[in-house]
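Work through these exercises with the model open beside you. Try each task before you read its solution.

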Amino acid sequence: MANTGDLSARLSQLSTAKRELLEKRMRGEVADSAPDSSIPRNPNQEIAPLSFTQQRLWFLHQLQPDSAAYNIPLAFSLEGALDEAALAASLNALIARHAVLRTTFPLVGTEPQQQVAPSLTLPLAVHDLQSLPPAARDTAAHDLLHASATQPFDLA
């Protein structure tokens, strides 16, 4: 944090116009003129054309619809008691907040389009492996993760 001597010196170096502008901003008379850097929302949430990257991935999906090559699997290990309802609610809150997670790519006529569902609730798949011995539990968990990670994703 700058001391008051440094601040006074910096203020004295400002031109009269800059000093007046600073005083107006400090009184709230002038709004910050920085441009808004946020990405604007698409006003039409129903149908939108695909971006170039989406078109490329959609085309590759048409060539190999049963491929999971572009899936990016991620697994977490949780310890302790699991509150399934809280976990499901948290994941569905993420889906509700981010339109990209509710987007599908159906054909409209002969062209693929982005279609954002207004809402989407997904069930939480739970596999209780506690009844298995530890070695079998690890193998079963690995098998379930592998099956999930290699499952093709239906873009439509």
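**Exercise 1. Find what share of the chain's contacts between residues at least 6 apart in sequence join residues at least 24 apart.**

Step 1. Fix the term: a contact means heavy atoms within 4.5 Å.
Step 2. Take the contacts in the chain between residues at least 6 apart in sequence; 55% of them join residues at least 24 apart.
Step 3. Know the source. This is a predicted model, in which local features need pLDDT of at least 70 and side-chain atom pairs count only at pLDDT 80 or more, while totals for chains, interfaces and linings use all residues. Residues are numbered from 1 along each chain as its sequence is written, and side-chain values use heavy atoms, with hydrogens and water left out.

**Exercise 2. List the elements of the chain in order, then decide how spread out the chain is.**

Step 1. Count the elements: the chain has five helices and four strands. Helices (H or I, at least four residues) and strands (E, at least two) are DSSP runs, numbered from the N terminus.
Step 2. Read them from the N terminus: α-α-β-α-α-β-β-β-α.
Step 3. Compare the radius of gyration with the globule rule. The chain has a radius of gyration of 26 Å, well over the 15 Å that the rule gives for 156 residues, so the chain is more spread out than a compact globule. The radius is taken over C-alpha atoms, and the rule is 2.2 Å times the number of residues to the power 0.38.
Step 4. Add the spans: along its principal axes, the C-alpha trace covers about 75 × 50 × 25 Å.

**Exercise 3. Work out which strands pair with E4, and in which sense.**

Step 1. Set the rule: two strands pair if DSSP finds at least two bridges between them.
Step 2. Start with strand E1 (residues 47-49). E1 pairs with strand E4 (residues 111-116) over three bridges, in the antiparallel sense. Pro49 has Gln113 in E4 as its bridge partner.
Step 3. Go on to E2. Its pairing with E4 is antiparallel, over two bridges. Here Thr104 stands opposite Gln115.
Step 4. Finish with strand E3 (residues 107-108). Two bridges join E3 to E4, and the strands run antiparallel. Leu107 faces Pro112 in E4.
Step 5. Look at the turn. The hairpin of E3 and E4 has two residues between the strands, and Gly109 takes a positive phi near 70° there.

**Exercise 4. Sort His61, Asn92 and Thr110 as buried or exposed.**

Step 1. Learn the cut-offs: buried means under 20% relative accessible area, exposed over 50%, partly exposed in between (1.4 Å probe, protein chains only).
Step 2. Take His61, in helix H3 (residues 52-63). His61 is buried because its relative accessible area is 15%. Leaving out residues up to four places away in sequence, His61 touches Phe153 and Leu155. The C-alpha atoms of His61 and Asp154 are 8.8 Å apart, with their positions 93 residues apart along the chain.
Step 3. Take Asn92, in helix H4. Its 14% relative accessibility makes Asn92 buried. Beyond residues up to four places away, Asn92 touches Leu120, Thr121 and Leu122.
Step 4. Take Thr110, in the loop between E3 and E4. At 68% relative accessibility, Thr110 is exposed.
Step 5. Set this against the whole chain: buried residues make up 12% of the 156 residues.

**Exercise 5. Identify the salt bridge and the nonpolar surface patch.**

Step 1. Recall the principle: side chains of opposite charge can pair when their charged atoms come close.
Step 2. Apply the cut-off. A salt bridge is a side-chain nitrogen of Lys or Arg within 4 Å of a carboxyl oxygen of Asp or Glu. The count comes to one salt bridge.
Step 3. Name the pair: Arg27 and Glu29, at 2.9 Å from N to O. Arg27 is exposed, at 53% relative accessibility.
Step 4. Turn to the patch. Leu91, Leu94, Val100, Leu101, Leu124 and Val126 form a nonpolar patch on the surface, with about 500 Å² of accessible area together. Patches are made of residues with over 30% relative accessible area and no salt bridge: like charges are joined within 9 Å, nonpolar side chains (Val, Leu, Ile, Met, Phe, Trp, Tyr) within 5 Å. Accessible areas come from the Shrake-Rupley method with a 1.4 Å probe; for residues, only the protein chains shown count as cover.
Step 5. Check two members. Val100 is exposed at 64%, and Leu101 is partly exposed at 46%.
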